[in-house]
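I opened a fresh page for this one. My plan was to go from the whole fold down to single residues.

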Amino acid sequence: MAISFVNLPKTVFKGKKNTVKWWVQKTAQIHKCQIEQLVFNFCSDNELLKINREFLKHNTFTDIITFDYSEKEKISGDIYISTERVIENAEKFSSLVTFELLRVMIHGVLHLCGYKDKTLTQKRQMRKMEDRALLNYRRLTKRKIK
């Protein structure tokens, strides 16, 4: 299992990278998946917009794009996250930036586990799974996060 972070803002997780890696791994296992190779790439809005245009032919800002290289239950992928969009969403939803970042990260992992979010029903299911994973993170770290 290899999980890595590229350009992770220094103020995020404050030395808890191993805890986050363990949490991501356990969340995947709950969904009957095993992480083989996972890279979280943190970038700007403009960088993610460029990726969105080039690979998905979408001309919109987004908080996350997931590239899935998985085979069956073995997860491999690149997850690109706009830290600017995460900060904006945290403000919009009156949430902590760390909480919103964890939500977006686990959202990408859930996509790699095979879950979709195109329909309203799928979006609701995805949100419930994100909430469950975040509750597990809170239990793991014994911290209350909003």
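These are my notes, in the order I looked things up.

**Entry 1: the fold**

I'm working with a predicted model here. I started with secondary structure and got five helices and four strands in the protein chain. Read from the N terminus, the elements go β-α-β-α-β-β-α-α-α. I then checked the radius of gyration: it is 14 Å, close to the 15 Å from the globule rule for 146 residues, so the chain is as compact as a globular protein of that length. Along the principal axes, the C-alpha atoms fill a box of roughly 40 × 35 × 30 Å.

**Entry 2: contacts, surface, charge**

Taking contacts between residues at least 6 apart in sequence, I found that 61% join residues at least 24 apart. For the surface I got about 8,900 Å² exposed, with carbon and sulfur atoms supplying 50% of it. I also looked up the charges: there are 28 positive and 16 negative ones, and their mean positions sit 8 Å apart.

**Entry 3: the inside**

How much of the protein chain is buried? I get 44% of the 146 residues. A reminder to myself: in soluble globular proteins, nonpolar side chains tend to be buried together. So I went for the cores. The largest nonpolar core has 31 residues, and Val24, Phe40 and Ile81 have the most contacts inside it. Strand 1 (2–6), helix 1 (17–30), strand 2 (34–43), strand 4 (74–82), helix 4 (97–112) and helix 5 (120–141) each give two or more residues to this core. Helix 4 gives the most, with eight residues.

I picked Val24 for a closer look. Leaving out residues up to four places away in sequence, Val24 touches Ile3, Ile35, Leu38, Phe40, Ile106 and Val109. Apart from the largest core lies another one of five residues, including Leu48, Ile51, Ile65 and Phe67.

**Entry 4: two residues of helix 4**

Thr98 is in helix 4, and so is His107. Is His107 buried or exposed? It counts as buried, because its relative accessibility is 12% and the cut-off for buried is under 20%. Skipping residues up to four places away in sequence, I see His107 touching Ile64, Asp117, Met126 and Glu130. Thr98 has a relative accessible area of 26%, so I noted it as partly exposed. I also took a C-alpha to C-alpha distance: Thr98 and Leu110 are twelve residues apart in sequence and 18 Å apart in space.

**Entry 5: Asn46**

Next I went to helix 2 (residues 45–56), where Asn46 lies. Asn46 counts as exposed, at 56% relative accessibility. Which residues is Asn46 in contact with, leaving aside neighbours within four places in sequence? I found Phe61 and Glu84. Asn46 and Phe61 are 15 residues apart in sequence, and their C-alpha atoms are 7.9 Å apart.

**Entry 6: positive phi**

Last job was the backbone angles. Most residues other than glycine have a negative phi, so I went looking for positive values. Asn7 has one, about 60 degrees, although it is not a glycine. Asn7 sits in the loop between strand 1 and helix 1 and counts as exposed at 62% relative accessibility. Lys32 also has a positive phi, near 65 degrees. Lys32 is in the loop between helix 1 and strand 2, and I put it down as exposed, with a relative accessible area of 65%.

Methods
Residues are numbered from 1 along each chain as its sequence is written. This is a predicted model: local features need pLDDT of at least 70, side-chain atom pairs count only at pLDDT 80 or more; totals for chains, interfaces and linings use all residues. Side-chain values use heavy atoms; hydrogens and water are left out. The radius of gyration is taken over C-alpha atoms; the globule rule is 2.2 Å times the number of residues to the power 0.38. Buried means under 20% relative accessible area, exposed over 50%, partly exposed in between (1.4 Å probe, protein chains only). Contact means heavy atoms within 4.5 Å. Accessible areas come from the Shrake-Rupley method with a 1.4 Å probe; for residues, only the protein chains shown count as cover. Lys and Arg count as positive and Asp and Glu as negative; His and the chain ends are not counted. The place of a charge is taken as NZ of Lys, CZ of Arg, CG of Asp or CD of Glu. A nonpolar core is a set of buried Ala, Val, Leu, Ile, Met, Phe, Trp, Tyr and Cys residues joined through side-chain atoms within 4.5 Å.
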